[in-house]
Amino acid sequence: MNHSLINNKNSLFLLIFYFFAVFFGLYIFKDYGIHIEEKFHRLNGHFWLNYISQIFNFNELQFLTEKKISEIRDYTLSQVSYYNKYGSIFDISVAYIEIIFNLNNINQIYYYKHLLSYLIFLVGSFFFFKILELRYKNFYLNFLGLFLYITTPRVFGDSFLYKDTLFLSFFSITIYFFIKSIKKPNNTNLIFFCFFSAIAFSLKIFLILIPFLFFLILIIENFHNKNSYYYFKIFLFYSFFFIFFTFIIWPYLWSDPLKNFLNLFSSVRGDLINVRILFSNEYIQNRLLPTNYLFNWIFISSPLFQNFLFFIGLSYCGARIVRRFLSVKEKMIFNDFWRSDKEQIDFIIFLVFFSYISFFIFFNAPFYNGWRLVYFLNLFIVYFAIYSLEKLLIYQKRKKKLIFFPLFIPMIVIFILNNLNSLISYHPFQSIYFNNFLNKETINGYEGDYYGLSSKHFFEKILEIDKRDNIKIAVASHTPLQRGLEAFPTDMQERFSIIGQDYRNADYIYKNNISEVNIKLNNKYEIPQNFSKIYDFKIKKLLVYEIFKSNL
Amino acid sequence: MKIFFYKSLVVMFLFLLTFHFSFNYAYKKIGNIINDTFSKDKIESIKNKLRSEAKSAINKEVYINSKDAEIINKFLDKIKSDLKRNN
C-alpha cells in the first residue's frame with residue numbers, strides 16, 4: 001500500500017504531523033546543551049574534509065580545513081588520526097556546510113548540527129512508518145507506531161545529538177529497503193538497500209550482520225522457489241554495490257581498502273574504551289558486563305507499557321516462528337517460516353533482532369553509557385509493541401466480543417499521554433530518561449548524564465549566582481566539563497577556568513555520577529570537607545548534578 | 001540438504017549458547033573477581049586505609065602497648081646481632 005502525499009486523507013494527516021514535528025524541533029533545538037563528543041566530531045569532519053581536499057587538490061578547501069583544525073583544541077580531545085574509523089559522512093557534510101556558509105560562531109554550528117540530526121531522525125521515522133505500512137493495513141496502528149518511535153524519551157532526546165539515533169535512522173531506512181529487496185528484488189530496491197546499508201555500516205560496523213542475514217533470507221527463499229542462480233545473482237549484485245558504496249562514502253578506506261577494512265574488525269576491541277561503569281549500584285568493568293545488561297537498561301529506561309507490549313509481541317511472534325521451525329519438512333507447499341507476505345516481514349524483523357541480541361551477548365559486546373550504542377533496537381521494540389496491539393484487535397474481531405475494546409482506546413490514550421508527559425517533564429534531558437515506576441535508589445544506581453548535557457545548565461546557574469570575572473570550577477566527575485562551555489559566547493567562556501580535580505583552588509565543584517573509577521574505593525572524586533552543597537539539579541527522582549561551593 | 005542446513009544453524013546456536021553460559025560465564029566471573037581484588041581502585045583504597053591508620057597512630061599518645069614494644073625491641077636487637085655476625 002503506497003501513500004500518495006496528495007490524494008490520501010491519511011497522507012495529509014501524516015503531512016500535518018510532520019509539519020508540527022519539524023516546527024516543534026525548530027522551536028526547541030537550541031535548548032539542548034553541547035555534549036562532550038561534539039568537539040571530536042567537528043574535528044573529525046574537518047580532518048576528513050582536509051584529507052579529501054588533499055586527494056582532489058582543492059587547495060582553498062585544504063587551507064580552510066587546516067585553519068579550522070588548528071583552532072579546535074582541547075587537552076582531553078582524542079586524536080582523529082588515531083580514532084579514524086568512526087564513520088564521517090555526517091561530520092564531513094556538516095564541516096562542508098560550516099565552510100560554505102562561513103559559519104564561525106561555534107555554538108551556532110553545534111546547534112544547527114543538532115537540528116540537522118533531528119531532521120534526519122524524522123526521515124528515518126518516516127521509513128519506519130513505511131515498514132509498518134508494508135505490514136499492517138490499519139493506518140491508525142501504523143501512526144501509533146510512528147508516534148511511539150519518535151516519542152520514546154531516550155531516543156527523542158538523543159535525536160538532537162547525532163550519535164546513536166543517526167544510526168537508528170539509517171538503520172530504519174536500511175531495514176525498509178531490506179524488506180523491499182526481499183519482496184521485489186529489482187535493481188532500484190537493491191541499489192537503495194546497498195547505499196543505505198553502506199552509510200549505516202560506516203556509522204556502526206556491527207551493521208555487517210545485515211548482509212549475512214540478507215543472504216540467509218535468500219537461502220530460505222531458495223529452498224522454496226528452487227532458483228539458486230537467481231538468488232545468487234541477487235546476492236552478488238548486493239555484495240558488489242554494498243562494497244562499492246562503502247568505499248565511496250568512507251574516506252578511511254581509500255588509502256588501503258582491504259587492509260583498512262580488515263583493521264575495522266581487528267582493532268575494534270582495542271579502540272573501544274575500557275572503563276568502569278555504574279550499573280545497578282556497582283562499579284563494573286564494561287568488558288565484563290552481565291548477560292542481562294541490555295535487557296536491564298532497556299527495561300528501566302523505556303516506558304513501561306512499551307516494554308510490556310514489546311515483550312508480549314516478541315513472545316507471540318517467537319512462539320509462532322518456533323512452531324513453523326518444528327514443522328519444517330524436506331518438501332513443503334509453503335515457505336518454511338512464513339505463509340504470507342506479512343509473516344515474512346515478521347520473520348525478517350524477528351531474525352534481525354534475535355541475531356543482534358545473540359551477537360551482543362555471545363561476543364561480550366563492551367557497552368557503556370546505558371544502551372545508547374544500540375538505540376537502533378528501538379525499531380524492534382516499537383514494531384513488536386504494535387504487533388501485540390494488532391493481535392489484540394484480531395482476537396477481538398474473531399471472538400466478536402468487545403472484551404478489550406472499552407479498554408483499548410483509553411489504553412492507547414494513556415500510552416500517548418505517558419510519552420508526551422515524559423518528553424515535557426524531562427526536557428531537554430530526555431536522553432537520560434528513567435522509567436517513572438522505579439524508586440530513587442534504583443534510578444541513581446545507574447549512569448546519569450554521560451553526555452555532560454547538564455554542563456550548560458550548570459554554567460547558567462553559576463553565572464546566575466556569581467558575578468565575578470574569573471570563576472574557578474573543579475570537576476568531581478569523569479565528564480570533560482570544559483567542552484560544555486562551547487554552548488556560550490566567547491566572553492562568557494573566558495569567565496570560567498576549569499581546573500580538573502584541583503579542588504584546593506576551586507570556587508565551585510561540579511559533581512555528577514559519571515566516573516571511570518570505583519568511587520566507593522577511590523577518593524578521586526571525593527568532595528573536600530571545606531566545600532558545602534549549595535544546589536542540586538533533579539529531574540523527578542534522578543539526581544543529574546550537584547554544585548559545591550568553597551567555604552574559604 | 002534443507003534440513004541439514006537448519007540443523008547446522010541450530011547446532012551452531014546451541015554451541016554458542018553453551019559456550020556463553022559455561023566458559024564465558026566463568027571467564028566474566030573470574031575476571032570480575034580479579035579486577036575487584038587487584039584493581040587500581042582497590043590498591044588506592046588500601047593506601048587510603050594505611051594513611052588514615054598512620055594519622056590515627058600519630059594522634060594517639062601510646063600506639064604500641066608495652067608488651068608489643070618489648071617484643072619488637074627484642075626482635076630488632078636479634079636482627080641487628082645476626083646482621084653483625086654475618087658481616
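## A pocket shared by two chains, and the cores

Two or more residues apiece in the lining of the second largest pocket come from α10 (209–225), α15 (304–326) and α16 of chain A, and from α1 (2–38) of chain B. Keep in mind that this is a predicted model.

Of the helices, α16(A) puts in the most, with 8 lining residues. The volume of this second largest pocket comes to about 1100 Å³. Its lining counts 29 residues, and those nearest the centre are A:L351, A:F354, A:S355, B:L9 and B:F13. Here is how the lining splits by class:

| Class in the lining of the second largest pocket | Residues |
|---|---|
| nonpolar | 26 residues |
| polar | 3 residues |
| charged | no residues |

Now for the cores. Which residues touch the most other members of the largest nonpolar core? They are A:F171, A:F178 and A:F376, out of 186 residues in that core. Helix α16 of chain A (residues 341–362) turns up again here, giving the most to this core with 13 residues. Domain 1 (28–385) and domain 2 (452–550) of chain A both chip in residues, so the core lies between them. There's also a second, separate core, made of 10 residues, with A:Y503, A:A506, A:I527 and A:F531 among them.

Back to A:F171: what does A:F171 contact, once neighbours within four places in sequence are set aside? Its partners are A:A200, A:L207, A:I210, A:V352, A:Y356, A:F376, A:L379 and A:F380. One of these, A:F376, is also on the list of residues touching the most other core members.

Terms used:
Residues are numbered from 1 along each chain as its sequence is written. Chains are lettered from A and ligands numbered from 1 in the order in which they are written. This is a predicted model: local features need pLDDT of at least 70, side-chain atom pairs count only at pLDDT 80 or more; totals for chains, interfaces and linings use all residues. Side-chain values use heavy atoms; hydrogens and water are left out. A nonpolar core is a set of buried Ala, Val, Leu, Ile, Met, Phe, Trp, Tyr and Cys residues joined through side-chain atoms within 4.5 Å. Buried means under 20% relative accessible area, exposed over 50%, partly exposed in between (1.4 Å probe, protein chains only). Helices (H or I, at least four residues) and strands (E, at least two) are DSSP runs, numbered from the N terminus. Domain bounds come from an automatic or database domain assignment. Contact means heavy atoms within 4.5 Å. On a 1 Å grid over the protein atoms alone, a cavity is a set of points where a 1.4 Å probe fits but cannot get out, and a pocket is an open set with protein on both sides within 12 Å along at least five of seven lines; lining residues have an atom within 4 Å of a point. Grid points are joined across faces, edges and corners, and a volume is the space filled by probe spheres set on the points. Ala, Val, Leu, Ile, Met, Phe, Trp, Tyr, Cys and Pro count as nonpolar, Asp, Glu, Lys and Arg as charged, and the others, Gly among them, as polar.
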